[in-house]
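Trainee: Could we go through this structure together before I start on my notes?
Mentor: Of course, let us take it piece by piece.

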Protein chains: 2
Amino acid sequence: MPAFPSAKLIAVDWGTTRLRARLVDGAGVVLAEAVSDRGIGPLNGAGHEDAFESLVATWPLVPAIMTGMVGSRQGWREAAYVPCPADVAGIGGALTRFTTAKGRAVAIIPGLRVGDVNVMRGEETQIIGLMDAEASFSGTVIMPGTHSKWARVEGGTTIDFASFMSGELFALLAKHSLLRHSVSDADAMGDVSSSADFRAGVEYARAVPFAATLFTVRVRQLLTGTTPEANLDYLSGLVIGGEIASATAMDLARGSLRIIAAGPLARAYGAALSVFGLSAEVRDGDAMALAGLRHVARAVGWLGA
Amino acid sequence: MPAFPSAKLIAVDWGTTRLRARLVDGAGVVLAEAVSDRGIGPLNGAGHEDAFESLVATWPLVPAIMTGMVGSRQGWREAAYVPCPADVAGIGGALTRFTTAKGRAVAIIPGLRVGDVNVMRGEETQIIGLMDAEASFSGTVIMPGTHSKWARVEGGTTIDFASFMSGELFALLAKHSLLRHSVSDADAMGDVSSSADFRAGVEYARAVPFAATLFTVRVRQLLTGTTPEANLDYLSGLVIGGEIASATAMDLARGSLRIIAAGPLARAYGAALSVFGLSAEVRDGDAMALAGLRHVARAVGWLGA
């Protein structure tokens with residue numbers, strides 16, 4: 001008897017650096033999981049079918065539904081961005097579907113765009129995952145990271161979103177700018193959520209436009225002898241606080257707030273939001289991606305209802 | 001007869017990367033000029049006297065007045081920051097003065113600070129140079145560059161200023177961030193002041209908080225096929241426009257405006273200001289530094305009035 005006789009679907013989160021596949025049954029229960037470092041970045045535009053099939057070679061030949069950079073121009077097949085406002089029906093109707101050489105049905109979830117100024121790819125599936133448990137959610141979904149997204153969601157529809165290069169900016173400033181002499185190793189940063197220096201950074205970023213805040217990291221070192229460790233927390237507070245200040249100025253923080261993240265990053269955003277008098281419930285990113293993949297699979301008839 | 005019998009002073013602009021000395025007579029006329037790459041950065045805290053004296057070895061043993069990083073902790077002698085508001089008398093009274101082994105009198109002009117949040121070193125001398133020709137200047141002095149400064153000046157006194165890491169941010173984003181795939185070589189950027197893409201960047205930065213603008217560089221490439229060259233101009237517009245938007249939000253752009261810069265950089269700031277309905281007269285940075293050095297030298301009796 002073949003392994004996993006109850007398997008119905010492979011749910012795939014395939015980003016720039018990582019390929020993650022989960023085998024699920026008709027109820028959406030995870031039967032097996034496999035992870036590879038053959039992300040869309042390292043593959044460099046070729047070898048997607050081999051990367052995927054070799055990862056799941058011992059699993060049954062069930063359909064696969066995929067989200068993330070796998071649908072980008074450098075991915076397996078391009079899945080064109082769906083314009084906002086977009087709901088699950090709109091996204092489900094725009095899947096890129098094909099059948100592989102060995103006969104496996106594949107569907108790639110498209111990203112979203114706002115006009116010609118914003119795109120997301122992968123986060124739309126996390127938003128669907130959030131709505132899977134909270135069908136009537138109205139508010140803002142904050143997805144922190146290298147390139148943070150703030151999405152306005154109303155009654156199952158993603159209306160609008162903005163992008164912030166916060167994680168990347170923080171790393172660039174801490175490692176490659178003049179400020180590197182004033183902060184400690186960013187890769188060794190711990191949980192900043194209860195750091196007074198982190199809070200001071202958020203508070204300064206709430207009061208002063210972001211572009212005018214950054215040089216103060218150096219000034220604190222020069223004039224007040226702030227330690228590199230304390231200044232790293234402060235810089236993190238400036239960058240995250242600057243993101244929140246910008247998002248609130250754009251009226252993006254309305255209604256209920258959710259943070260899709262985990263661990264220290266989720267706690268840092270929670271602590272920073274509290275400085276602005278805001279609070280958010282936290283949802284796990286992997287769990288939301290899986291829930292979103294299952295939700296779309298049900299919508300297209302690949303899983304039971 | 002020794003060379004330069006009419007020489008009275010050496011005016012020295014000694015920054016991180018460059019040492020520039022000008023020999024002047026009692027009326028402030030430049031008799032000779034010498035430049036070295038032994039900036040405060042490469043010297044790394046030692047050898048200042050040799051670097052200076054070897055550069056001016058053929059000149060007379062007249063007093064030297066200096067501005068820039070030469071007064072920093074890594075400089076020849078530290079000249080502590082003078083708190084704003086500060087006028088020429090306050091700055092002239094806080095010079096760091098000493099006599100070298102060979103008997104040369106040296107004075108280093110101190111930088112300025114605003115509380116514990118901002119410092120400048122070198123720009124204060126350019127501001128004095130501006131006021132040398134416009135004693136009653138009231139308005140804002142914009143000094144663009146790696147770390148731009150916007151200084152509020154009223155009747156001979158520098159009241160307040162802000163710092164923007166614009167030049168450094170632009171280079172980091174263009175060369176080291178995800179955006180590097182969407183822009184052409186930043187070192188080859190030409191005059192952007194009449195570029196429609198530069199203007200589009202400034203306009204977007206006027207409308208949207210800076211932190212939320214940067215990712216659009218990538219989106220333009222993905223969705224509209226913007227060329228890397230056009231996108232580099234656009235990124236420059238975002239960064240300079242974000243600086244101006246932040247400065248105006250901080251009410252730093254009031255009264256008459258002056259840009260202290262030259263060439264394409266001065267023209268880019270002029271073009272960006274015009275998008276905000278602002279205009280500024282341009283003053284050359286080297287000329288302002290020299291005028292400021294002479295002004296302080298006169299104030300301390302080292303040059304005729």
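Mentor: What follows is a talk through helix packing, a small sheet and some backbone details in what is a predicted model.

Trainee: Let's start with helices α8 and α9 of chain B: at what angle do their axes cross?
Mentor: The axes of α8 (residues 228-249) and α9 (residues 263-275) of chain B come within 10 Å and cross at roughly 60 degrees. That angle makes α8(B) oblique to α9(B), because roughly perpendicular begins only at 65 degrees.

Trainee: And is the crossing left-handed or right-handed?
Mentor: The crossing of α8(B) and α9(B) is right-handed. On the α8(B) side the contact is made by Ile240(B), Glu243(B) and Ile244(B), while α9(B) contributes Ala268(B), Tyr269(B), Ala272(B) and Leu273(B).

Trainee: How do those residues divide by character?
Mentor: Six residues of the contact between α8(B) and α9(B) are nonpolar and one is charged, with no polar residue in the set.

Trainee: Moving on to α5 of chain B, which residues are buried there?
Mentor: In α5 (residues 166-176) of chain B, the buried residues are Ser166(B), Glu168(B), Leu169(B), Phe170(B), Leu172(B), Leu173(B) and Ala174(B).

Trainee: What covers them?
Mentor: The cover on the buried residues of α5(B) includes α5 (166-176) of chain A, and from chain B it includes β12 (148-154), β13 (157-164), α8 and α9.

Trainee: What about α7 in chain A, which of its residues are buried?
Mentor: Helix α7 (residues 216-224) of chain A has Thr216(A), Val217(A), Arg218(A), Val219(A), Arg220(A) and Leu222(A) buried. Those buried residues of α7(A) pack against α6 (196-207) and α8 (228-249) of chain A, and also against β10 (118-120) of chain B.

Trainee: What follows that helix?
Mentor: Gly225(A) follows α7(A), and the phi of Gly225(A) is positive, near 65 degrees.

Trainee: Changing topic, in what order do the strands of the open sheet in chain A run?
Mentor: The sheet has three strands in the order β5-β9-β10 (chain A), and the pairing is mixed. Its edge strands are β5 (82-83) and β10 (118-120) of chain A, each of which pairs on one side only.

Trainee: How many bridges join β9 to β10 in chain A?
Mentor: Three bridges join β9 (residues 112-114) of chain A to β10(A), and the two strands run antiparallel. One pair to look at is Leu112(A), whose bridge partner in β10(A) is Met120(A).

Trainee: Now the backbone: where is the peptide bond from Cys84 to Pro85 in chain A, and is it cis or trans?
Mentor: The bond joining Cys84(A) and Pro85(A) is cis, with omega about 0 degrees, and Pro85(A) is found in the loop between β5 and β6 (86-87) of chain A. In chain B, the peptide bond from Cys84(B) to Pro85(B) is cis, with omega near 0 degrees, and Pro85(B) is in the loop between β5 (82-83) and β6 (86-87) of that chain.

Trainee: Why do such bonds deserve a note?
Mentor: They deserve one because most peptide bonds are trans, and in a similar way most residues other than glycine have a negative phi.

Trainee: What is the phi of Asn44(B), then?
Mentor: Asn44(B) is not a glycine, yet its phi is positive at about 55 degrees. Asn44(B) sits in the loop between α1 (40-43) and α2 (48-55) of chain B, and it counts as exposed because its relative accessibility is 60%.

Trainee: And Asp251(B), where does it lie?
Mentor: Asp251(B) lies in the loop between α8 and β14 (256-260) of chain B, and it has a positive phi of about 60 degrees although it is not a glycine. With a relative accessible area of 42%, Asp251(B) is partly exposed.

Conventions. Residues numbered from 1 in each chain as written. Chains lettered and ligands numbered in written order. Predicted model: local features only at pLDDT ≥ 70, side-chain atom pairs only at ≥ 80, totals over all residues. Heavy atoms only, no water. Axes fitted to C-alpha atoms, helices over the stretch in contact; angles between N-to-C directions. Helix = DSSP H or I, 4+ residues; strand = E, 2+ residues; numbered from the N terminus. Parallel < 35°, antiparallel > 145°, perpendicular 65-115°, else oblique. Left-handed = near helix turned anticlockwise from the far one by under 90°. Contact = heavy atoms within 4.5 Å. Nonpolar A, V, L, I, M, F, W, Y, C, P; charged D, E, K, R; others polar. Buried < 20%, exposed > 50% of the residue type's maximum accessible area, 1.4 Å probe, protein only. Pairing = 2+ DSSP bridges.
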